[in-house]
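Please open the model in your viewer and keep the selection tool at hand. The stops below are to be visited in order.

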Amino acid sequence: MVSVTRAVFGELPSGEGIVEKFQLRSDQLSVDVLSWGCAISALRARDRQGEASDVVLGFADLEGYLQKQPYFGAVVGRVANRIAKGRFTVDGKEYHLPINREPNSLHGGFRGFDKVLWTPQVLSNGIQFSRVSPDGEEGYPGELKVWVTYTLDGGELVINYRAQASQTTPVNLTNHSYFNLAGQGSPDIYDHEVTIAAEAYLPVDETLIPTGVIAPVEGTAFDLRKPVELGKHLQDHHLHGFDHNFCLTGSKEKHFCARVRHAGSGRVLEVYTTQPGVQFYTGNFLDGTLRGKGGAVYPKHSGFCLETQNWPDAVNQPRFPPVLLQPEEEYNHTTWLKFSVA
């Protein structure tokens, strides 16, 4: 059984509308989702003692989400991740996007899908959000109708993304939740054990754009096919953190992506997806300046993201999986977040 309740979360300044919070509850999980950016603002999962803790970083009030902050819990688009120099060409026409993370365009621009109010529809086991991204929004071609659906089934949160375009446009949607399985507000994720089912990864240049090389993980710091303890692994390989795309199986069916285990609490997160990639990000840009829920501060490496998505800058890289959505097609991808204890 899943219950869905709704409440007012806050009011947008200058009368732009009311932001609502929807709570999805099963016997194993409780998930709060906002109509602002479709953001997951809380996710309570049980430890091996049966104690529930909130395992996502975020804010207790709307003001927190409206300030400059690193996409906590939000759906990002029209195109997640980076587009080199904010430029791409479709059907012979060059498009220029806002450069919101020098020298590239990141996560849809200055006002991406994370910074808009979505229209909610309550379902029996979840919540569906929809919006129409107008032609030219943040420089992208064509009108895009988008639906993001969160459903709960026991210990599993399922996120489905659908989109339809009026003209050819790149589309790449993901959720940017930051997790800490010890409980949000815990100082780091070094004691988390990480596995990612990827034979290859994408090396990047100094601006975090893929070089175009699809590199085997074998014999590198990016070989996470067997579990590694994150802190020790970063230390052993002299890494400042991960912010890389891992290349998953080419199948469009549901496939295993990643598993993260926190030994102290026993919490396990398994990720399955239909997407060809996952951006594993270890919160390298968090710096402790933001005040989160319960007065928590979020220093570097205090949360991790597993952003299931197409590969970064795919619109400019012919060897990468196709990212263009044609008017007669439907974009349809699903990611499953399965919580358990071990």
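A residue is called buried when its relative accessible area is under 20%. The model on display is a predicted one, and the first stop applies that cut-off.

**Stop 1: histidine 176**

Select histidine 176, which sits in the loop between β16 (174–175) and β17 (192–196). Is this residue buried or exposed? Its relative accessible area is 3%, so histidine 176 is buried. Now display its surroundings. Beyond its neighbours within four places in sequence, histidine 176 is in contact with residues including Pro70, Tyr71, Phe72, Gly73, Ala74 and Val76. His107, Tyr281, Cys305 and Glu307 are also among its contacts.

**Stop 2: the annotated active site**

Add glutamate 307 to the selection. The UniProt record, an unreviewed entry, places the feature "active site" at His176 and Glu307. The two positions span 132 residues in sequence, yet their C-alpha atoms are no more than 6.1 Å apart, so they gather at one spot. Both His176 and Glu307 belong to the lining of the largest pocket.

Glutamate 307 is located in strand β25 and, at a relative accessible area of 2%, is buried. Which side-chain contact links glutamate 307 and histidine 176? A polar contact of 3.4 Å joins their side chains. With residues up to four places away in sequence set aside, glutamate 307 also touches His107, Thr174 and Asn175, among others. Gly277, Val278, Gln279 and Tyr281 are likewise among the residues that glutamate 307 touches.

**Stop 3: the annotated binding site**

Next, select Asn81, Arg82, His176, Ser177, Tyr178 and Asp243, the residues covered by the annotation "binding site" in the unreviewed UniProt entry. From this set, Ser177 is part of the lining of the largest cavity.

Centre the view on aspartate 243, in strand β21 (residues 243–247). Aspartate 243 counts as buried, because its relative accessibility is 10%. Its side chain makes a polar contact of 2.9 Å with that of glutamine 279. Apart from neighbours within four places in sequence, the contacts of aspartate 243 include Arg82, Leu208, Phe280 and Tyr281. Asn284 and Phe285 are in contact with aspartate 243 as well.

**Stop 4: the sheet**

Switch to a cartoon view. Strands β21 and β25 belong to an open sheet of 5 strands, ordered β19-β18-β21-β24-β25 with antiparallel pairing. Its edge strands are β19 (215–216) and β25 (305–309), each of which pairs on one side only. Strand β18 (residues 200–201) runs antiparallel to β21, and 2 bridges join them. To see one of the bridge partnerships, select tyrosine 201 together with phenylalanine 246, its partner in β21.

**Stop 5: the cysteines**

Finally, display the cysteine sulfurs. How many disulfides does the structure hold? The number is 0. A disulfide requires two cysteine sulfur atoms within 2.5 Å. For cysteine 38, the closest cysteine sulfur is that of cysteine 305, and at 17 Å it is too far for a bond. Cysteine 38 is buried, since its relative accessible area is 0%.

Move on to cysteine 257. Its closest cysteine sulfur belongs to cysteine 247 and lies 11 Å away, which is too far for a bond. Cysteine 257 is buried too, with a relative accessible area of 0%.

Technical notes. Residues numbered from 1 in each chain as written. Predicted model: local features only at pLDDT ≥ 70, side-chain atom pairs only at ≥ 80, totals over all residues. Heavy atoms only, no water. Buried < 20%, exposed > 50% of the residue type's maximum accessible area, 1.4 Å probe, protein only. UniProt positions renumbered as here; feature names shortened; annotations may be inferred. 1 Å grid on protein atoms, 1.4 Å probe; cavity = no way out; pocket = protein on both sides within 12 Å on 5 of 7 lines; lining within 4 Å. Helix = DSSP H or I, 4+ residues; strand = E, 2+ residues; numbered from the N terminus. Contact = heavy atoms within 4.5 Å. Polar contact = N/O pair within 3.5 Å; in protein donor to acceptor, adjacent residues only side chain to side chain. Pairing = 2+ DSSP bridges.
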